[in-house]
Amino acid sequence: MDLGMIGMMVGGWFATYVGNKLAEKFSLHLDDRYDLLTGAKAMAEDVKARLPRIRAVIQAAEGRPIRDPALAAWLRQLKDAAYEADDLLDEFEFKELHDKLHSKSKVSDFVTPAVKLLKHFIMSDDDLKNLKNLAGNLEKIYLDINYMEEQLKDYNSQQRSVTRETSSIIQDIVVGRDKERDLILDVLLHLADEPESSIKCGAGSSSYPSLGVLPIVGIGGVGKTALAQLIYNDERVARHFALRKWVYVFDYFDVKRISKELVYDSVHDGIPDDISLDGILGKVGDATRNKRFLFVLDDVWDETGSKWRELRGILTSGAKGSMVLVTTQSPVVAEVMGTMDPIELKSLQEDDYWILFEHCAFGEKILEKERREKLQTIGRKISEKLHGLPLAGKVLGSLLNSKLDEDYWKMILASEWWEHEYVLDNILPSLALSYEHLNANLKQCFAYCSIFPRGYVLEKDRLVQMWMAQGFIQNKSRVRMRMEDIGGQIFDELTSRYFFLPTLNDKHVMHDLIRELAVFVSLDECLVISDEKGEIPETIRHLTLRTDRLDAITDTCRLQNLRSILLFGDYDSERFYDFLDGMLKQSKSLRVLDLSYSSVKLKKLPDAISGLSHLRYLDVSCTKIKQLPKSFGRLCHLQVLRMRSCHLKRLPEDMNKLINLRHLYGEADTISLITGIGDLIDLQELEEFRVTKKRRHEIGELKGLRNLRRRLAIKNLENVNSKKEAMEAMLKDKEHLTALNLIKNLDPRSLPDAETEIFEGLQPHPSLKELSIKGYGGTRFPTWMVESKFLTNLEFISLDYCVRLESLPPLGQLPVLKELHLANMHAVKRIGREFYGDTGVAFPSLEVLKFNDFKECEEWLEADGAQFLPRLHIFYLQGCYKLWKVPLLFLTSSLVELRIGYCGDFGNALPGCLQSLTSLTDLRIRDYHFQVSLCLSNLSSLKYLELSNCPEMKLVGGGLQFLTTLESLDLTDCPKLIESSEPVQLHEQQGLRTLNGLTIADTVLLQNLWILLGSLPSLQWMRINWCHGMTNFTGEQELWFQQLTSLQELEINSCQSLESLPSSLKNFPSIRKLHILACPKDRCQRGGADWPKIAHIPFIRIDSETIQML
């Protein structure tokens, strides 16, 4: 296909934004700048007057593939002028900012403010020349606007007349939808049997719960209509519903047309031309009254729901069990119309997709075996590129079916799908419907994503920041919102509409065909260059190099219009520096530069980067740069600077001149080098601030950073000398911070009262959710930590190394506290009722409580009648060596994880509490040296159990045999677990039949404790550690080994006395890995006495040496 004939794919997705920006900026400049030269003002007024009509033409062309050469060329001129205007306005702003920041002349100190203002507002000769050129270009374009407007109207009307239409007749095979089909049939055929109260009332249900509306939602081409046709024509459905109708709705929800099709068999059958809307709705009511009906509304796009509500009101007269089945690409439609959760269709699984693709590609044609196999091999590769989208499989399959030739199929495999007119005309309309229904802002944001290579993993924050850098995000509402929040909403909406697909790690990807749609609609704007050389069209504004070849760009003069450059290659550092330097000197309009994905190590950035006055996003992460240009501070438009893994030893002095910087990412050592960081008042994040006594590095630098969000760690608080100095940080005003970490290095010479005073000045905003304090040296906490009115929104607290603190603050009164970590409180000897606060329920929301290293604490008192920790799920008590009194009996059945280690003698409290922990899944007791008898029979949910170094511990009441859900067990150095000398005999069906992981030591093997474990039929890995007194495996132990039929991995560690491996190892076909550590190893080497026992094991490692890897 001749791409030149397509012309402008997006119809001005960027120009729409620039048109708006031009109108706003010219109004601002003309209203405020009374001193513009008369000629310049007249030109600017002329430009301003023409903008509304130009903007209207741009919006009329939005998103349409323009194939008329003259119209495409004119629109391209319009876009070029819009880009030029944007650069011009941006340059005006840059010069003003730069002059304000860098004007250091002493003479200026004696100039009056009015004269300074005049100096800033009078245009230079270059500015006047640029404005004149812009006005001239717009004048030429404007001469043809009447004709072009008419052309666009005609073109758009022709496009609207050609629409896709569906019917209820099944036209294609449906593969891989059995689950969804059965689910829908179950709803349709049994809705009448459900009590009305049980029907889920969604947003579309209103007061009509008896009318069921079930949406089928998914990306274009995923098979919604085909599934609906399958349901509609099912014999059971036909018998169940007295009335069935299928209506193709499409773009406009025409209530009158839809009603006519619901009533009459043909839209031309007996319908008076002058029938009113009320009249036709009345006929719908008559036709459906007391009848059970199924109506399918296919391809609905009305997101307001207003038209649907008109129709819905008349459908409530049907019999119970009546259903409306809706297919839509819009989750908003599904939410507005649905009375139950939608059926969400996703791409087909690989095997199902190949069945569909093969059927469409080969049909019923009979080929000789060899030829068919060759075509199948190529066909599988083609189908993999389509990633499970049924429509694409049907269209590409049909294309291949037209010519069952190997060379033709290979040509299709090597090409892009939009290069085929047939594919374009059959896939694009369906894929592009969702795109067409986006507003201009979302369209431009989506189209921009074509600059990312296929398979690229999208990170929400990065992408939003790039959109911001390009100026795509504007706040048009009166509600005050950050650009980042607006961008986040755009990202979320594109995700909800299936343009972005979420991954498991909270990132996103684009389906390959959706990415190709983005490529298609931005062909004249965005370009990804792979290994082949190629010219860069003059229209390209956003360029990605996914090649290691620096000669892939043949003409650097074509770079002058670029606004984005992303590099993904592996480059030679010296050659790359020269290449980058030349590129930056040409690309004066650059807004986004990302080097983070290029495998290159740079010592420094070229000085040319400081001349990029429009640059707003710079990512040099992982380039290992050591130095920024001295004039880097000139980049006063820069919003985002990413330099992770770049360990700079020195930064330019004027980094604080980057006054528009909103996001700064780098190593803490690097960020701490910025002098006067407090001048960057738009900064949204500062992960760590290190206080020093050096000028412009004091804690007062935080004062103006009121926009900080997320997390802030303040280190080296020992360099703060007074409460007054601490208050200069104004933490109390930072309402957007969610997490605060206050860190002070311990100083034995500091005065406790002085430290308390300093921390009084560090009071955070009440909205804070997470607070961590480390190294606090006061004997009591500041007021804001003690009184309940200050930090009522805290959900997480960590207090560490508060070594002088004698009692804990009343944290039990915090209403939403969910997680509490307390560690290294060496002066706390007693945890009393002051810990709970004055409340009827102490720690009402706490789910996680961890105590660690309370070395001097002896007793922990109960809550004295108050309800205590009602929602606790996880409890750790470790390193409390002297603790003997602890209210373990407060633990309730909500607890799922309990860890106790290195603590005092709890007496009967420990075995007593275990009786009630029926939901416990994880129990670990370590280094408990006191006599205790535990009964585990009530722990019916336990999955993980560790009993380690508990020399006096005994198991009673059946030992381990009732732990029927146990998956992992660690028994080490617990010699007295079995109280009786008689071994316990287990029934074959009892014991640890679900166990898949086991760690044991010599005490288990030498004292027959292994009999407790039973046959362990599910065991997959086992570790045998520290068997110092064991030389050989006994006959009974060998028999036990033979029952481990699922064992795949075996590790034997630190068994220095062991003379031979179990003989039964040679009969283990399941074992795949053997690792022997710190044991006699000669017998296990090739040719050694034990080698025949283990030679069949694929992977064998002895100490750090791999002996065998098959």
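Helix axes are taken here as lines fitted to C-alpha atoms over the stretch in contact, and the angles between them run from 0 to 180 degrees between N-to-C directions. With that in mind, and remembering that this is a predicted model, select helix H11 (residues 255-263) together with helix H12 (residues 277-288), whose axes come within 9 Å and cross at roughly 35°. Viewed as a pair, H11 passes H12 in a left-handed crossing. To see what fills the contact, show the side chains of Val 255, Lys 256, Ser 259, Lys 260 and Val 263 on H11, and those of Leu 277, Ile 280, Leu 281, Lys 283 and Val 284 on H12.

**The whole chain**

Now zoom out to the full protein chain, whose secondary structure comes to 32 helices and 38 strands. If you colour by accessibility, 53% of the 1110 residues count as buried. A contact map is a useful companion here: among the contacts with a separation of 6 or more, 66% are between residues 24 or more positions apart.

**A sheet of seven strands**

Select next the strands E8 to E14, which form an open sheet of seven strands in the order E8-E9-E10-E11-E12-E13-E14, with parallel pairing. At the edges you will find strand E8 (526-529) and strand E14 (663-666), each of which pairs on one side only. From one strand to the next, the twist averages 5°. Strands in a sheet pair through backbone hydrogen bonds, either parallel or antiparallel. For a detailed look at one pairing, keep E14 and strand E13 (residues 640-643), which are joined in the parallel sense over four bridges, and centre on Val 640, which stands opposite His 663 in E14.

**A buried strand**

Move on to strand E19 (residues 796-800), where five of the five residues are buried, so the strand is largely enclosed by the rest of the structure. In a regular strand the side chains alternate between the two faces of the sheet. With side chains shown on E19, Phe 796, Ser 798 and Asp 800 point one way, while Ile 797 and Leu 799 point the other way, and all are buried. Add strand E18 (residues 770-774), which runs parallel to E19 and is joined to it by five bridges; within this pairing, Ile 773 has Leu 799 as its bridge partner. Then add strand E20 (residues 819-823), which also runs parallel to E19 and is joined to it by five bridges, with Ala 823 of E20 as the bridge partner of Asp 800.

**Salt bridges**

The structure holds 48 salt bridges, and a few of them repay individual selection. Begin with Lys 460 and Asp 492, whose side chains meet at 2.8 Å, N to O. This pair links distant parts of the chain, since Lys 460 belongs to helix H21 (residues 460-470) and Asp 492 to helix H22 (residues 483-496), 32 residues apart. Lys 460 is partly exposed, with a relative accessible area of 30%, and Asp 492 counts as partly exposed as well, at 42% relative accessibility.

Go next to Glu 688 and Lys 715, whose side chains meet in a salt bridge of 3.4 Å, N to O. Glu 688 lies in strand E15 (residues 688-690) and Lys 715 in strand E16 (residues 710-715), so the salt bridge ties together parts that are 27 residues apart in sequence. Glu 688 counts as buried at 17% relative accessibility, whereas Lys 715, at 27%, counts as partly exposed.

A third stop is the salt bridge between Asp 922 and Arg 924, where the closest N and O atoms are 2.8 Å apart. Asp 922 is buried, with a relative accessible area of 7%, while Arg 924 counts as partly exposed at 22% relative accessibility. Finally, select Asp 87, Asp 90, Arg 563, Arg 591 and Arg 616 together, because these residues are linked in a network of salt bridges.**Cysteines**

To finish, select the cysteine sulfur atoms. How many disulfides are there? The count comes to zero disulfides, and Cys 449 illustrates this: the nearest cysteine sulfur, that of Cys 445, is 7.7 Å away, whereas a disulfide would need the two sulfur atoms within 2.5 Å. Cys 449 counts as buried, at 0% relative accessibility. Cys 935 is also buried, with a relative accessible area of 18%.

Note on methods:
Residues are numbered from 1 along each chain as its sequence is written. This is a predicted model: local features need pLDDT of at least 70, side-chain atom pairs count only at pLDDT 80 or more; totals for chains, interfaces and linings use all residues. Side-chain values use heavy atoms; hydrogens and water are left out. Two strands pair if DSSP finds at least two bridges between them. Helices (H or I, at least four residues) and strands (E, at least two) are DSSP runs, numbered from the N terminus. A salt bridge is a side-chain nitrogen of Lys or Arg within 4 Å of a carboxyl oxygen of Asp or Glu. Buried means under 20% relative accessible area, exposed over 50%, partly exposed in between (1.4 Å probe, protein chains only). A crossing is left-handed if the near helix is turned anticlockwise from the far one by less than a right angle, and right-handed if clockwise. Contact means heavy atoms within 4.5 Å.
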